[in-house]
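Student: Before we discuss any labels, could you put the model on the screen, so that each term can be set against its cut-off?

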Amino acid sequence: MANSKGRRRQFGAIRRLKSGRYQARYPGPDGVMPPAPFTFETMADADDWLAEKHSEIRRGVA
């Protein structure tokens, strides 16, 4: 499903919480979507964290 800008996220998911902060989740090796260990003030911060997590997983570091 596309977001409001018509683009689909390639890795993970970001949702806005009632508090106004953002929660990032990513697909783990077992198929479960664990959340980031903390929330983010902006969507861009959450997106940057997901990009770093994706890189770690591809390199085999995470």
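Tutor: Let us begin with R16, which is found in strand 1, where a strand is a DSSP run of E with at least two residues, a helix is a run of H or I with at least four, and both are numbered from the N terminus. The model is a predicted one, in which local features need pLDDT of at least 70 and side-chain atom pairs count only at pLDDT 80 or more, while totals for chains, interfaces and linings use all residues. Residues are numbered from 1 along each chain as its sequence is written, and side-chain values use heavy atoms, with hydrogens and water left out.

Student: Why is R16 called exposed?

Tutor: Exposed means over 50% relative accessible area, buried means under 20%, and partly exposed lies in between, with a 1.4 Å probe and protein chains only. R16 has 58% relative accessibility and therefore counts as exposed. Across the chain of 62 residues, 21% count as buried.

Student: What makes strand 1 and strand 2 a pair?

Tutor: Two strands pair if DSSP finds at least two bridges between them. Four bridges join strand 1 (residues 13-16) to strand 2 (residues 22-25), and the two run antiparallel, so the criterion is met. Among the partners, A13 is bridged to R25, and R15 to Q23. The two strands form a hairpin with five residues between them, and G20 in the turn has a positive phi of about 95°.

Student: Is R25 buried, partly exposed or exposed, and what is the C-alpha separation of R25 and I14?

Tutor: R25, whose place is in strand 2, has a relative accessible area of 29% and is therefore partly exposed. Its C-alpha atom is separated by 6.4 Å from that of I14, eleven residues apart along the chain.

Student: Which elements follow one another from the N terminus?

Tutor: The order is β-β-α, with one helix and two strands in the chain. E41 is found in the loop between strand 2 and helix 1, and its relative accessible area of 59% is the reason why E41 is called exposed. E41 and R16 are 25 residues apart in sequence and 9.8 Å apart in space, C-alpha to C-alpha. For F40, which is 24 residues from R16 along the chain, the C-alpha separation from R16 is 9.4 Å.

Student: How do you know that K53 and E56 meet in a salt bridge?

Tutor: A salt bridge needs a side-chain nitrogen of Lys or Arg within 4 Å of a carboxyl oxygen of Asp or Glu. For the side chains of K53 and E56 the N to O distance is 3.8 Å, so the pair satisfies that limit. A search of the whole structure finds one salt bridge. Both residues lie in helix 1, three residues apart, about one turn of the helix. K53 has 15% relative accessibility and so counts as buried, whereas E56, with 26%, is partly exposed.

Student: Which residues form the negative surface patch?

Tutor: The patch is formed by E41, D45, D48 and E52. Patch members have over 30% relative accessible area and no salt bridge, with like charges joined within 9 Å and nonpolar side chains (Val, Leu, Ile, Met, Phe, Trp, Tyr) within 5 Å. One member, D45, is found in helix 1 (residues 43-59). D45 has 37% relative accessibility and therefore counts as partly exposed.

Terms used
Accessible areas come from the Shrake-Rupley method with a 1.4 Å probe; for residues, only the protein chains shown count as cover. Lys and Arg count as positive and Asp and Glu as negative; His and the chain ends are not counted. The place of a charge is taken as NZ of Lys, CZ of Arg, CG of Asp or CD of Glu.
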